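Dear colleague,

Please find below the structure that I am handing over to you. My findings follow directly after it.

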Amino acid sequence: MSNSPLDPVYCELNTIHKVITRGIRVSLENVKKYRTIGFPNPRTKKGFIDYVRSLILTLDNHHYSEDDIAFPVYQKYAPEAPYQLLATEHHNMLSILNEMKAVLGHLDNPATEAGGLDSLQSSLSALEELWNPHINCEEGHFCAHSLLKSIPEKEQVQIGKKISAHAIKNSKLLSLSLPFLLYNLPVEERALFSQGIPKLVTGFLVPVVWRRKWMPMKPFLIH
Ligand SMILES: [Fe+2]
Ligand SMILES: [Fe+2]
């Protein structure tokens, strides 16, 4: 599936899916490692918790964006897509995300850390199992060339603006969640994605003002 804004068939859905797919994979790989050998130091532990917390927030926002903003518009242009099934899968993933949120609190306490890592690994595995077929279904229906051409540009722009506004309004942790979004994308794709973000944010807030906050996540991000 094409995912560059310069390509003729560009699907924004694919970009956010790519961020979340990497977020789940990296979280799962690392939780398995820390279950076996433990966290190497408190800073890495903090970075890992921040990374998983940002994943939860990003996925939560993405589901809201689809259910309440994008899908009501897509329904007019792709009525055959299985909206009920997708909504049910969002609901099922939300239960897993709520479990994960609760478990992150257990990692702070040495007495509950090992059990917390066990639960987190189970939740992430269950999430990955639901996530991959879910995005294949969405991209199969909504990144189709015919659908992209049939949604008027004005409506596509409105969807994009509403999704950005929602993400900003609902992200109490923008100093973590925005670097999470940007640095889970490969360099070239990140540069293209950044073109839609004000320069003040990508050139000053992220690299200077927020730097100390998101730096502990760096080992889990793409440089
Ligand atoms: Fe979805
Ligand atoms: Fe999606």
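Are helices α1 and α4 roughly parallel or roughly antiparallel to each other? Please note first that this is a predicted model. Helix α1 covers residues 12–37 and helix α4 residues 113–142, and the two pack at an angle of about 160°. Because angles over 145 degrees count as roughly antiparallel, α1 and α4 are roughly antiparallel to each other. Their axes lie 10 Å apart, and the crossing is left-handed. The residues that form the contact of α1 with α4 comprise 12 nonpolar, six polar and six charged ones.

Turning to the interior, the largest nonpolar core consists of 35 residues. Within this core, the residues with the most contacts are Tyr 51, Leu 120, Phe 180, Leu 182 and Met 217. At least two core residues come from each of α1, α2 (42–77), α3 (83–106), α4 and α7 (174–182). Helix α2 contributes the most, namely seven residues. As for Leu 182, leaving aside residues up to four places away in sequence, this residue touches Arg 190, Ser 194 and Val 206.

One further residue may be of interest. Asn 98 belongs to helix α3. Is Asn 98 buried, exposed or partly exposed? Asn 98 has 13 C-beta neighbours inside 10 Å and therefore counts as partly exposed. In sequence, Asn 98 and Asp 60 are separated by 38 residues, while the C-alpha to C-alpha distance between them is 9.9 Å.

With kind regards

How values were computed:
Residues are numbered from 1 along each chain as its sequence is written. Chains are lettered from A and ligands numbered from 1 in the order in which they are written. This is a predicted model: local features need pLDDT of at least 70, side-chain atom pairs count only at pLDDT 80 or more; totals for chains, interfaces and linings use all residues. Axes are lines fitted to C-alpha atoms, for helices over the stretch in contact, and angles run from 0 to 180 degrees between N-to-C directions. Helices (H or I, at least four residues) and strands (E, at least two) are DSSP runs, numbered from the N terminus. Angles under 35 degrees count as roughly parallel, over 145 as roughly antiparallel, 65 to 115 as roughly perpendicular and the rest as oblique. A crossing is left-handed if the near helix is turned anticlockwise from the far one by less than a right angle, and right-handed if clockwise. Ala, Val, Leu, Ile, Met, Phe, Trp, Tyr, Cys and Pro count as nonpolar, Asp, Glu, Lys and Arg as charged, and the others, Gly among them, as polar. A nonpolar core is a set of buried Ala, Val, Leu, Ile, Met, Phe, Trp, Tyr and Cys residues joined through C-beta atoms within 7 Å. A residue is buried if 20 or more other C-beta atoms lie within 10 Å of its own, exposed if 12 or fewer, and partly exposed in between; C-beta atoms are placed from the backbone. Two residues are in contact if their C-beta atoms, placed from the backbone, lie within 7 Å.
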